[in-house]
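Visitor: I'm new to this structure and would love a close look at one part of it. Could you walk me through it slowly?

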Amino acid sequence: MTSIEHAASLLEEAPPAENTGERASWLQVAPMVAVLALFFGLPMLVVLVVSFFDFSRTDIIPAFIFDNYVDLFTREVTLRLYASSIKFALIVWAITLLLGFNIAYFLVFHVRGLLFQIGLFLLCTVPFLTSNIIRMISWIPFLGRNGIFNQALQGAGVTSQPLEFLLFSDFAVVVAYVHLFTLFMVVPIFNSMARIDKSLLEAARDAGAGRFRTVFEIVLPLSRTGIALGSIFVITLVMGDSFVVRTMSGGQSASVVSALQNEVAALQYPPAAASAVIMVIIVTLMVAGILRLVDVRKELAR
Amino acid sequence: MHSADGSRPWTFYFFAAFFGLFVAFLYGPMVVIYVLSFQGPTGGMTFPLNGVSLHWFDALISQSRVGDIAGSFQRSIVLAAVVAVVTVLVSVLAGLAFRRPFRGSAFAFYLAIASLIMPGLFVGLGIALTFRLLGLPTGWYSSGLGAQLTWTLPFGLLIMFAVLGRFNRSYEEAATDLGATNWQKLKEVTIPMLLPGIIGVALFGFTLSYDEIARTALAAGAKNTLPLEIWAMTTNVTSPTLYAVGAVTTIVSFFVIVVALTSIGAIQRRRSRSNT
């Protein structure tokens, strides 16, 4: 067989081989796609459909009306709820980014020895694998009127009266969010930073760049994938939360989703569905905005 | 970054202190509630400790007004075990699929990511509505299980991406060259090499399910899982019982984490021994 014939026979054989590979991949990915289609894709479509339904005190009535959306957009409270949710999201995003970036930086560039690095990384990860509610209520003995902070402040003579704003306030909500979600910032940024070639930093230093300039002009840009992923996690988690805001504000603050949960409790499914649809659109726009700034998929594929 | 002579720059100490504070911030409050769960019978929700007792742990079992802690605990353990097994099977397979390019891979990837970042309560709402429209009853073992999988499967997939990204394919190629069938290759080479990662996926599947609340809240049906039971407690129980249940559930989490990490550690040690 001449080499040309050999090449031609390879070309003829190539497509079937590729097809079996593709078929194998389809079979392997099929269970996941099936479960997600059934318990995520279909339910989300149902939410969209039900958002156009009518409802009575006890039932949902198939219809195609826009009343739920009209109500949502004409109620004054909607804007306040969104303002509250977005305010929490931005504050928590800024704090977790600052914390997450510095913690990841410490773990990647300052800790020597792989074993020690893994150990400290696990130390940050373990609380994530324990109950969120328990971690949330563990702030109660700290922040309460007679809690540890107030006892300490009064004991030190800083204040004579207990500070009232600590527990059941926006402050408590932010503390709990930061406690629960900082890890979602640390892990992706850690992953990005761990891939940075250390010799780049040496080169920058040899070229006379100071510590801060190196961080801002080399580490920060090269960690942008991690920062983007962490930001997506934190923003969607805060925007989608209702449990933390309810418990830690003592019912004084609300979020879009906690208001939605009230509607569900009152069996008002169609207005809740409409509220969910609008929220998903807004969160999607926020995520799309982040993804426009950073091409996460291209960098993940590296 | 450190200088050539190996001495630490001042920033190291700054960052080390910062990191120490962060760890204290993470663990401090949790440690405090474990201490307070041993509060004496007349003690309250905060310091001082009025004696030391197991009163509040006892109240957990004996007081019916606390709720169905024992029953919900059993349900949560069973559910978490099932979720862990399904997550390992399904997301490890899916992870292997993404090692070759295939049509629809972008769709599958984005479906998983969308499922991961969708606010959990919306997923639960959708599942509850779907079951309602289909005339099916919701239950923790059916709709609740499905709701939790929409959270654990994408997580498992992302862990598989991280594990497979560091996977050296030349071992598999060597197996093929030595005449192994695809099945032999998977059983004898791929799975054993991926085992630490697979244990990691199981650990996440179990603990994420065991602690899940947002997706399960509307989809669990009549019988609560443990986090839902605790959530109900936070609104009507104002005694250290709340801390006692926190201590118990965290012990379970820690037990699972330690078992998973020691088995991963044992595998790695055996490997490094056989390599030398």
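Visitor: How many residues does the contact take from chain A, and how many from chain B?

Guide: Happy to help, and please keep in mind that this is a predicted model. The contact draws on 68 residues from chain A and 65 residues from chain B. On the side of chain A that touches chain B, the most residues come from helix H1 (residues 3-50) of chain A, which supplies 21 residues. Sorted by class, that side of chain A holds 45 nonpolar, 20 polar and three charged residues.

Let's turn to the partner, chain B. Chain B has eleven helices and zero strands, and reading along its sequence gives the pattern α-α-α-α-α-α-α-α-α-α-α. Its C-alpha atoms fill a box of roughly 70 × 70 × 30 Å along the principal axes. Of the 276 residues in chain B, 42% are buried. Among the contacts in chain B with a separation of 6 or more, 75% join residues 24 or more positions apart.

Back in chain A, here is a single residue to find on your screen: A:Ser84, which sits in helix H3 (residues 76-110) of chain A. A:Ser84 counts as buried because it has 20 C-beta neighbours inside 10 Å, and the cut-off for buried is 20 or more. Leaving out residues up to four places away in sequence, A:Ser84 touches A:Ser253, A:Ala254 and A:Ser255. You can also look for A:Asp241, which is 157 residues from A:Ser84 along the chain, with 12 Å between their C-alpha atoms.

Definitions and conventions:
Residues numbered from 1 in each chain as written. Chains lettered and ligands numbered in written order. Predicted model: local features only at pLDDT ≥ 70, side-chain atom pairs only at ≥ 80, totals over all residues. Contact = placed C-beta atoms within 7 Å. Helix = DSSP H or I, 4+ residues; strand = E, 2+ residues; numbered from the N terminus. Nonpolar A, V, L, I, M, F, W, Y, C, P; charged D, E, K, R; others polar. Buried ≥ 20, exposed ≤ 12 C-beta atoms within 10 Å, placed from the backbone.
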